[in-house]
Amino acid sequence: MKQKTCILVGAGLRGMEIYAPYALEHPDELKFVAVAEPDPVRRERFAKAHKIPAEACFKTWEDLLEKPKMADAAMIMTLDRMHFKPTMAAIDRGYHILLEKPMASTPGECVTIAEAARKSGKLFLLCYVLRYTPFFSTIKQLLDDGAIGKLISIQHNENVGYWHQAHSFVRGHYGNSEKESPMILQKSSHDMDIMLWLAGKDCKRLSSFGSLSHFNSENAPAGAPLRCTDGCPHIDTCIHSAPALYLTDNIKWPTSAISNFLDYESRLKALKEGPYGRCVYHCDNDVVDHQVVSLEFGDGITAAFTMCAFTNEISRTIKLMGTEGEIRGAMEKDEIKILRFGSRESKLISLKGVSGDHSGGDIGIMKEFMRLLHADGSEKGRSSAEKAIQSNIMAFAAEESRLTNKVIDMDEYYKRFL
Ligand SMILES: NC(=O)c1ccc[n+]([C@@H]2O[C@H](COP(=O)([O-])OP(=O)(O)OC[C@H]3O[C@@H](n4cnc5c(N)ncnc54)[C@H](O)[C@@H]3O)[C@@H](O)[C@H]2O)c1
């Protein structure tokens, strides 16, 4: 197999830790030849791991993408608000592209990227990693095989987890919708995407409700200071205590997000000075902590989606109801149960042995990207720009519905951005 080459834009958690290790594990298939990353520690770490010479290390995506094309593919792994411009520049340069979700920060930008990707004729995958999990792939196959007859309705839950909400959507990057994205786009465009894929029909209309109910100053316990480490009287009892979450023996995610250096002193310093040491009731967050979306797809298929911070575990749970039976699934348990009406027996599919983040979706998309890259982009993937744009548009529409109290007709909504 001929080795393919790639450039990386943004050597952060996703770029450096989730996708790039594939090149180190499969050097015959992939090699990174350049990186753009403003953080010098991250840039040097990446360059060292992938043996990238100094002249191919850049501070920003602009510095890298103004150069002539220097590899087969570009991975764009910057934060949400920095997807549009580097992606357009990389398409312009003729790279095959793997872009982190969401596609971009406005519906108009998404339409522009999707159109440019289509015209380029190159491979373009958006990291809707759930489509590549054995769990959802199995459910999709069961539906296609008619295991429950004709699909009528979907109930889908994104159980965010109370500490995950506090980490990512209160203290972390994604707490403030003006700085990054509304939560339905940032977190649950994955879920819009998976419901769209499983329904197998376009979304016709939707409505949404939700709000930020808990993580605000009104709910701060008496005397809570701005930071947990500022002598908070509740430090030993608060379920959101930053030291209890980040100063343990576990230095994997989410702890790995708080500092480039993970020794105890560096982590304590990060809590005293950085965003992750802030009291969850005294942050600049404005994204919702619970939201529901009701959707109607073609053929009258309906779906009810709930995203909620207040769950003990981080998980996705789903029920698909068809004319001849039901499928129930719990993604993090990798279990799927099929119940046929009229039968006393149910069938349990246990996908034990699935490993990796997002129930195998992260490695799944990387493998698929490599397979398609080796086919030189002649084949479209499961999450190509033209397929995945609808999920992004659905998320924007859900946010508009939540803010305006209106049912959104998807055809009319979409036309506004063409
Ligand atoms: N597919 C998924 O399931 C999934 C999961 C988590 C995050 N994400 C998405 O992945 C993206 C990255 O998230 P992350 O957690 O890796 O964030 P991160 O902050 O760890 O990484 C982003 C990196 O981009 C770098 N950067 C900033 N400005 C830059 C510039 N001008 N040029 C080049 N690089 C620049 C930052 O320094 C940082 O290292 C986000 O869009 C996020 O929504 C997707």
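The following paragraphs describe the domains, two helices, the ligand shell and several loop residues of a predicted model. In this predicted model, local features require pLDDT of at least 70 and side-chain atom pairs count only at pLDDT 80 or more, whereas totals for chains, interfaces and linings use all residues. Residue numbers start from 1 along each chain as its sequence is written.

The protein is divided into domain 1 (4-128), domain 2 (131-215 + 286-415) and domain 3 (217-277), with bounds that come from an automatic or database domain assignment. Between domain 2 and domain 3 the C-alpha centres are 31 Å apart. Seven residues from domain 2 and eight residues from domain 3 make up their contact, two residues being in contact if their C-beta atoms, placed from the backbone, lie within 7 Å. On the side of domain 2 that touches domain 3, three residues are nonpolar, three polar and one charged; here Ala, Val, Leu, Ile, Met, Phe, Trp, Tyr, Cys and Pro count as nonpolar, Asp, Glu, Lys and Arg as charged, and the others, Gly among them, as polar.

Helices (H or I, at least four residues) and strands (E, at least two) are DSSP runs, numbered from the N terminus. Helix α6 (residues 107-120) has 14 residues that should span 20 Å at 1.5 Å a residue, and its end C-alpha atoms are indeed 20 Å apart, the expected span being 1.5 Å times one less than the number of residues. Its buried residues are P107, C110, I113, A114 and A117, where a residue is buried if 20 or more other C-beta atoms lie within 10 Å of its own, exposed if 12 or fewer, and partly exposed in between, with C-beta atoms placed from the backbone. Seen down the axis of α6, these buried residues fall within an arc of 120 degrees and so line one face of the helix, the arc being that of the directions from the helix axis to the C-beta atoms. The cover over the buried residues of α6 includes α5 (84-93), β6 (124-126) and α14 (385-404). Just after α6, G121 has a positive phi of about 70 degrees, while in the loop between β5 (96-99) and α6 lies P102, which is joined to K101 by a cis peptide bond with omega of about -5 degrees.

Helix α14 has 14 of its 20 residues buried, so it is largely enclosed by the rest of the structure. N405, which follows α14, lies in the loop between α14 and β15 (408-409) and has a positive phi of about 60 degrees although it is not a glycine; N405 is exposed, with 9 other C-beta atoms within 10 Å. S359, in the loop between β14 (346-350) and α13 (361-374), likewise has a positive phi, near 50 degrees, but S359 is buried, with 23 other C-beta atoms within 10 Å.

Among the 25 residues around the ligand, G10, G12, L13, R14 and E100 come nearest, a residue being near if its C-beta atom, placed from the backbone, lies within 6 Å. Helix α1 (residues 13-19) provides the largest share of this shell, three residues, and by class the shell has 11 nonpolar, seven polar and seven charged residues.

H240 is placed in the loop between β8 (203-211) and α11 (242-246), where it counts as partly exposed with 19 C-beta neighbours inside 10 Å. Leaving aside residues up to four places away in sequence, H240 touches A166 and V280.
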